[in-house]
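Subject: Structure handover

Hi,

Here is the structure I promised to pass on to you. Have a look at it first, and then read on for what turned up in it.

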Amino acid sequence: MSEFFIQDRQLSSITRTIVKDEKGKSLFLMVGRWGTKGDALSLYRLDGTLVASIKQISFTFGTRFEIYKDFEKVGTLQKIFNWPGDFYYIQQLHWAVHGDIYNHRYAIHHFNKKIMEMDKATLLTGDYYVIDVANDDDAPVCICIAAIMDYWLYNRKRKSQQHLELRLTNETS
């Protein structure tokens, strides 16, 4: 089992995101952008090797993302339902993502086997997302899934804020 650390609020941003190990050593670089169909994020080792990527493929009937590992499509992630809690499913891998997405506390399971767990931590250097991955080979895909969850969370908050601002504008007019 390995732990990976990503600075809070950096995971789904358009800026470059560094993924570090528990000793603070930089392991991966995530680059790309979100927002429109066809946008993608790519995860590279620091030697420049592409290890995984995610591509936004649909807005119809909910946003979906294709996940690639070593240039091969390994799954498609989509939201299944959000009551009483969020539940996401990665086809082909048969992985389920569930938990408290809003507070970055969730897990990925393959049936009853835990693949990954996400949590938050405060260190001397700031606030971080902590990703515990059971099998190091799954780490690139798990980091990509965490980026998608982060994107959905902050995109949902942005839409809620826009809706509230529109409602307040209409009420004052």
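A good place to start is a single pair of residues: Phe4 has Asp21 of β2 as its bridge partner. Please keep in mind as you read that this is a predicted model. The pair belongs to a wider match, since strand β1 (residues 2-7) and β2 are joined by three bridges and run antiparallel.

On its other side, β2 pairs with strand β3 (residues 26-32), through four bridges and again in an antiparallel arrangement. Within that pairing, Ile18 finds its bridge partner in Leu29 of β3. The hairpin of β2 and β3 leaves four residues between the strands, and Gly24 there adopts a positive phi near 90°.

Strand β2, which spans residues 17-21, also has two distinct faces: Thr17, Val19 and Asp21 make up the covered one, while Ile18 and Lys20 make up the uncovered one. Side chains in a regular strand alternate between the two faces of the sheet. So Asp21, the partner of Phe4, sits on the covered face, and Ile18, the partner of Leu29, sits on the uncovered face.

Now for the overall picture. The protein has one helix and 12 strands, and their order along the sequence is β-β-β-β-β-β-β-β-β-β-β-β-α. It has 173 residues, of which 42% count as buried. The accessible surface is about 9,700 Å², with 52% of it belonging to carbon and sulfur atoms. Among contacts with a separation of 6 or more, 33% are between residues 24 or more positions apart.

What does the largest nonpolar core look like, and which residues touch the most other members? This core has 40 residues, and Ile145 and Met149 are the ones with the most other members in touch. Its largest share comes from α1, which supplies 12 residues. Beyond its neighbours within four places in sequence, Ile145 is in contact with Ile67, Leu77, Ile90, Trp95, Val97 and Ile108.

The helix also holds a polar residue that you may want to look at. Asp150 lies in α1, which covers residues 139-172. Is Asp150 buried or exposed? Asp150 counts as buried, because its relative accessibility is 0%. Its side chain makes a polar contact of 2.6 Å with the side chain of His104.

Ser2, back in strand β1, offers another polar contact to look at. Ser2 has 18% relative accessibility and therefore counts as buried, the cut-off being under 20%. The side chains of Ser2 and Asp136 are joined by a polar contact of 2.5 Å. With neighbours within four places in sequence left aside, Ser2 is in contact with Ile131, Asp132, Val133 and Asp136.

One last spot is in a loop. Thr63 lies between β5 (50-58) and β6 (64-69), and Thr63 is buried because its relative accessible area is 15%, which falls under the 20% limit. Thr63 and Lys79 are 16 residues apart in sequence, and their C-alpha atoms are 7.8 Å apart in space.

Happy to talk any of this through whenever it suits you.

Best wishes

Definitions and conventions
Residues numbered from 1 in each chain as written. Predicted model: local features only at pLDDT ≥ 70, side-chain atom pairs only at ≥ 80, totals over all residues. Heavy atoms only, no water. Buried < 20%, exposed > 50% of the residue type's maximum accessible area, 1.4 Å probe, protein only. Pairing = 2+ DSSP bridges. Polar contact = N/O pair within 3.5 Å; in protein donor to acceptor, adjacent residues only side chain to side chain. Core = buried A, V, L, I, M, F, W, Y, C linked by side-chain atoms within 4.5 Å. Contact = heavy atoms within 4.5 Å. Areas by Shrake-Rupley, 256 points an atom, 1.4 Å probe, with all protein chains shown as cover.
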